[in-house]
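Here's a quick tour of one protein model, written for someone who'd rather be at the bench. Have the sequence and the 3D view open as you read.

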Amino acid sequence: MTGGSDFTGAVVTTPGYFGPDDAPLFGAISYPASGRVRAGVLLCPSVGKEQAETTRGLKLFAERLAARGFAVLRFDYACTGESPGAQYQQDAADAWLASVGVAADALRAMGAARIVAVGHRAGALLLAHANTVGPLDALVVWDPVIKGRQYIRAKTVLYNMVTETAAPGDVLLSPTGVAPAALGYDPQVDYVNTAGQSLHPQTAARFGGLTLPADVGASLPPDRVLAVVRGSDRDGRFARSQSERGVAILEIGDQEPFLEPGHPAVLTFPTTEFAEIADWIDAAVAEDTAPIAVDLRDAAVVARADDGRPIVTRLLSAGRAWVWDTAIAGEHDSAWAVFVAHSLGQYVRTGPSRLYYETGLAVAARGGRSVRYDRPTVGESGTAAMTDALLPLYTRDYLDDANAVIAGLPMPSAAAVAQSGICVGSWMAAHGALHLRSIRPDVNSIAVLVNPLWWRLNPVRSFVPDEFIDGVDLAGTPTNPTAERFIDRVREAIVWRAGRLAPALRRAVPRRMWPAVARLPL
């Protein structure tokens with residue numbers, strides 16, 4: 001065995017589509033560069049905002065496993081991320097369950113003779129109820145959601161806490177009249193809004209009715225099952241039942257920093273848990289290897305326009321980034337209307353960023369083109385590393401990487417290109433629009449800024465998290481607030497008072513002076 005060592009060999013991560021042509025799924029597989037693997041690992045992520053927050057961390061975990069000789073497939077369930085299907089559809093939960101079996105079949109078809117399944121959070125609950133997975137050689141149940149109803153309730157409360165208005169039926173995007181029927185949105189339905197997803201009531205009820213069986217993995221020998229539980233859940237029904245069966249119990253600490261990071265520039269990777277779970281899988285699987293033939297497609301039909309024409313997303317590599325390019329089949333490079341979405345910090349295709357996918361379908365259905373991308377060190381771009389936990393914002397590298405994506409897009413003369421993003425994404429959209437205008441004066445380049453929080457176009461010379469994140473230094477460790485410089489405290493006091501004063505001043509001065517007043521806090 002490899003004895004629990006960390007990186008022991010070069011790895012490759014390949015994103016793409018797999019499964020049936022009429023119902024493809026998007027995923028990414030990490031495997032040894034040698035092309036020989038000990039087993040396939042099916043890594044079932046959580047859903048909604050939790051999937052969005054943990055994407056890079058699970059990529060890091062997958063690539064560390066791949067270095068030990070495993071082929072690890074991560075994937076977006078149907079109706080989530082870049083996998084087709086409407087998040088609003090009635091049977092979305094059943095589509096999630098079916099996706100688990102499709103992913104397992106894909107691993108076997110690529111040559112993985114042995115399958116280890118790893119279910120993380122809601123993924124553990126889905127894995128336990130997926131009836132098309134087939135025989136497994138080992139199972140890891142990782143910080144599982146025990147009851148779907150409790151999960152839905154918690155994420156609904158979180159949505160209500162961070163949303164100004166959350167009346168029944170509200171959705172983050174109302175695509176009626178501007179999107180293909182494939183979105184499945186019905187304005188008459190009171191959708192269940194959770195953090196990162198809007199669900200049909202039947203989907204919420206279906207998932208909410210799932211409970212993790214206390215004897216999950218009972219078809220496997222006890223030494224082929226690992227239960228990873230928080231200390232607070234150590235004496236719960238699930239952990240107690242598994243322990244009585246002789247299953248190994250791995251106790252872990254608080255997972256909230258991993259699942260709910262407090263800032264888009266800072267992630268927390270539970271590397272201790274990564275190493276311990278990898279050690280267990282390493283010991284549970286024999287060393288002999290077999291060749292694997294990775295078979296992922298770089299394009300897929302993801303929907304159809306109202307007139308029946310196929311809408312295709314093709315996966316491209318631009319600079320150091322992966323790009324999703326959506327348009328009517330055969331019209332990507334000739335579309336006259338182009339929408340470019342810039343993500344917010346570490347957010348990628350899942351959770352709230354699913355709305356960029358849906359916007360892309362709306363644009364494509366009208367004959368346009370939509371472009372989404374993962375910046376380097378984010379999502380699927382590049383090899384994951386511990387340094388990815390801190391993502392510098394508003395930097396020159398940030399601009400250069402995004403501009404490389406934009407510059408590489410072929411588009412016709414006189415094209416209309418709209419770039420948009422939320423918060424820091426809006427800052428990049430402004431730069432992207434200016435950059436495109438400078439390199440392609442023949443196109444009409446505009447920016448749509450959503451909730452911009454940084455009005456200075458100049459990049460920062462160096463990203464200092466303390467300027468954006470209270471109590472975190474460059475290494476991502478807590479700082480001592482008592483050591484704050486006097487000048488910083490004075491500056492913060494001035495900014496705070498100016499921010500309180502600005503609304504009153506705005507009411508007292510002519511409208512033409514409002515932009516000047518708005519600059520006061522800055």
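What follows is a short lead and then some bullets, sorted by topic.

Keep in mind that this is a predicted model. Salt bridges are a good way in: a search of the whole structure turns up 32 of them. After those come a run of paired strands and two surface patches, one of positive charge and one nonpolar.

**Salt bridges**

- As background, side chains of opposite charge can pair when their charged atoms come close.
- Take R56 and D388, which form a salt bridge with their closest N and O atoms 2.8 Å apart. This pair ties together distant parts of the chain, since R56 belongs to helix α1 (residues 48–66) while D388 is in the loop between β17 (369–374) and α10 (396–407), 332 residues apart.
- Are R56 and D388 buried or exposed? R56 counts as buried because its relative accessible area is just 3%, under the 20% cut-off. D388 is buried too, at 4% relative accessibility.
- Helix α1 also holds a local pair: K59 and E63 sit four residues apart there, so about one helical turn separates them. Their side chains meet in a salt bridge at 2.9 Å, N to O, and both K59 and E63 are buried.
- R230 and D143 make another salt bridge, with 2.9 Å between the closest N and O atoms. Here again distant parts of the chain are linked: R230 is in strand β10 (residues 225–230), and D143 is in the loop between β7 (138–142) and α4, 87 residues away.
- R230 has 13% relative accessibility, so it counts as buried, and D143 is buried at 1%.
- R230 and D143 also belong to something wider: salt bridges with shared partners join K49, E50, E53, R121, D143, K155, R230, E256 and E260 into one network.

**Strands β13, β14 and β15**

- Strand β13 (residues 299–304) runs antiparallel to β14 (residues 310–318), and five bridges join the two. One pairing to look for is A303 with its bridge partner I311 in β14.
- Five residues lie between the strands of the β13–β14 hairpin, and G308 takes a positive phi near 95° there.
- On to the next neighbour: β14 and β15 (residues 321–328) are also antiparallel, with eight bridges joining them. T313 has T326 in β15 as its bridge partner.
- How many residues are between β14 and β15 in their hairpin? There are two, and G319 in the turn has a positive phi of about 65°.
- A general point for reading strands like these: side chains in a regular strand alternate between the two faces of the sheet.

**Positive patch on the surface**

- K147, R149, R153, R237 and R240 gather in a patch of positive charge on the surface.
- Which helices supply at least two residues each to the positive patch? They are α4 (148–162) and α6 (237–245).
- R153 is placed in helix α4, and R153 is partly exposed, with a relative accessible area of 48%.

**Nonpolar patch on the surface**

- I422, I446, V448 and V450 form a nonpolar surface patch, and together they have about 300 Å² of accessible area.
- Strand β19 (residues 444–450) gives the most to the nonpolar patch, with three residues.
- V450 is found in β19, and at 36% relative accessibility V450 counts as partly exposed.

Note on methods: Residues are numbered from 1 along each chain as its sequence is written. This is a predicted model: local features need pLDDT of at least 70, side-chain atom pairs count only at pLDDT 80 or more; totals for chains, interfaces and linings use all residues. Side-chain values use heavy atoms; hydrogens and water are left out. Patches are made of residues with over 30% relative accessible area and no salt bridge: like charges are joined within 9 Å, nonpolar side chains (Val, Leu, Ile, Met, Phe, Trp, Tyr) within 5 Å. Accessible areas come from the Shrake-Rupley method with a 1.4 Å probe; for residues, only the protein chains shown count as cover. A salt bridge is a side-chain nitrogen of Lys or Arg within 4 Å of a carboxyl oxygen of Asp or Glu. Lys and Arg count as positive and Asp and Glu as negative; His and the chain ends are not counted. The place of a charge is taken as NZ of Lys, CZ of Arg, CG of Asp or CD of Glu. Buried means under 20% relative accessible area, exposed over 50%, partly exposed in between (1.4 Å probe, protein chains only). Two strands pair if DSSP finds at least two bridges between them.
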